[in-house]
Amino acid sequence: MHWFSIVTSILIAGFAFLLLRRQGLLRGALPRVGAILLLTGAFVARLFVFGHETLDYQWFLGPWVQHFRDSGGFSGFSVPVGNYHVTYLYFLALFSYIPVPDLYLIKLLSIFFDVILAYFVMQTVGLYTQSVWRRRTVFFAILYLPTVFLNGAYWGQCDSIFTAFLVMSFYYAMKRRPTRSMVMLAISFAFKLQAVFLFPLYLVFLFTRQIRLRHLAVFPVTYLLVILPAVLLGRPFWDTVFLYFQQASPEGRGLNYNSPSIFALYQGPRVNPELAWAGIIAAFVFVALIYLIVLFRHRRQVSNGTYLTLALLFVIGVPFFLPQMHERYFFPADIFAVIFGFARLRFLPAIALTQFASLLGYYTYLNNRWPPVPIYYGTYGLMVLLAVLVVTLLLQPRAKRRA
């Protein structure tokens, strides 16, 4: 194990400890000792898998860093590389200057955002409960969540980064800081296209005036500012702005990539454009039905609990119906299920259902073989959870009218 990884992991763990202490969640010797032991366990476990390389690293991330290294670092933006957005590529270009194995740097970046994600999940849960025990526990629940551990430390993926900004956006919207919320949403989108799974919620925010129309302008401004450095370094402007549109065609691609979406039930030809379009239409119909429930059941008085229910509904339901979903695309669902479960303890089983569904796909990719039970068992689990969430939305009381 490289000394840099050990030292940096200790620093990140220390940072996590300070975040908890700053929130007043470590008062007394027992909570402090417990936090130290739990942080030590979380980071030692991550260090043990630091050397593991997946095909994603060998075929994509590693060669992309090598491209920047061979091109003189940030100068490498003058030549298109990779299919990730430039926001993440900034970090890979930076890593090309550091004399440390890039595999470790990639994983350390994700692990740092594991902590940021845990912090804002904790803060969001704090909007629904003042319980010190729950807020402290949910912080460690994120660090020990199997998909969080596997995604960053084992796999070297960056889903904790865009999801952290997605949770920040939701948190600030709930705190009635719409400008900050839109900034975080734009940054999340600039990292990964999958941030769009939560976009339908922002139409509800507009409907309920949680966010005003003028705040929407913050999104494109932030997005353009984020991609501007790459453009100045030689990346074509329009290609950079519309990168996601070049990747979004449903034609000529597989229907499902180890995800527990509705297409896990499909046993026909892998490529089926007609069925792919049917899934896209189904996703729009699903969102429209949720809007109708909000319109006729809650009108303009939507409670914070209803917003959270909607958030989980969208980050599960939208990728559930869409084609071409990968196993990692349910990562936001995994995280919002934790928020939902700790905000309302009777819904803790939602965490188990989303983890079960996601881990079947993770197992398939990371082991290059089918899991002990078919992936579509996870699809059934998500179906049950979606049904429960819809019923919950229908039964939730209307928010009291604000004075």
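This report describes two helices, a surface patch and one buried residue in a predicted model.

## Basis

The model is predicted, so local features need pLDDT of at least 70 and side-chain atom pairs count only at pLDDT 80 or more, while totals for chains, interfaces and linings use all residues. Residues are numbered from 1 along each chain as its sequence is written, and side-chain values use heavy atoms, with hydrogens and water left out.

## Helix α17

Helix α17 covers residues 349–367 (helices are DSSP runs of H or I, at least four residues, numbered from the N terminus). At 1.5 Å a residue, its 19 residues should span 27 Å (1.5 Å times one less than the number of residues), and the end C-alpha atoms are 26 Å apart, which agrees. After α17 comes Asn-368, with a positive phi near 55°.

Buried residues of α17 (under 20% relative accessible area, 1.4 Å probe, protein chains only) include Ala-350, Ile-351, Leu-360 and Tyr-362. Their cover includes α7 (146–154), α15 (304–321), α16 (331–343) and α18 (376–395).

## Asn-151

Asn-151 lies in helix α7. Asn-151 is buried, with a relative accessible area of 1%. Its side chain makes a polar contact of 2.9 Å with that of Asp-159 (N or O atoms within 3.5 Å, where within protein one must be able to donate a hydrogen and the other to accept it, and residues adjacent in sequence count only if both atoms are side-chain atoms). Beyond neighbours within four places in sequence, contacts of Asn-151 (heavy atoms within 4.5 Å) include Arg-328, Phe-331 and Tyr-362.

## Leu-289

Leu-289 is in helix α14 (residues 273–298). At 49% relative accessibility, Leu-289 counts as partly exposed (between 20% and 50%).

Notes
Helices (H or I, at least four residues) and strands (E, at least two) are DSSP runs, numbered from the N terminus.
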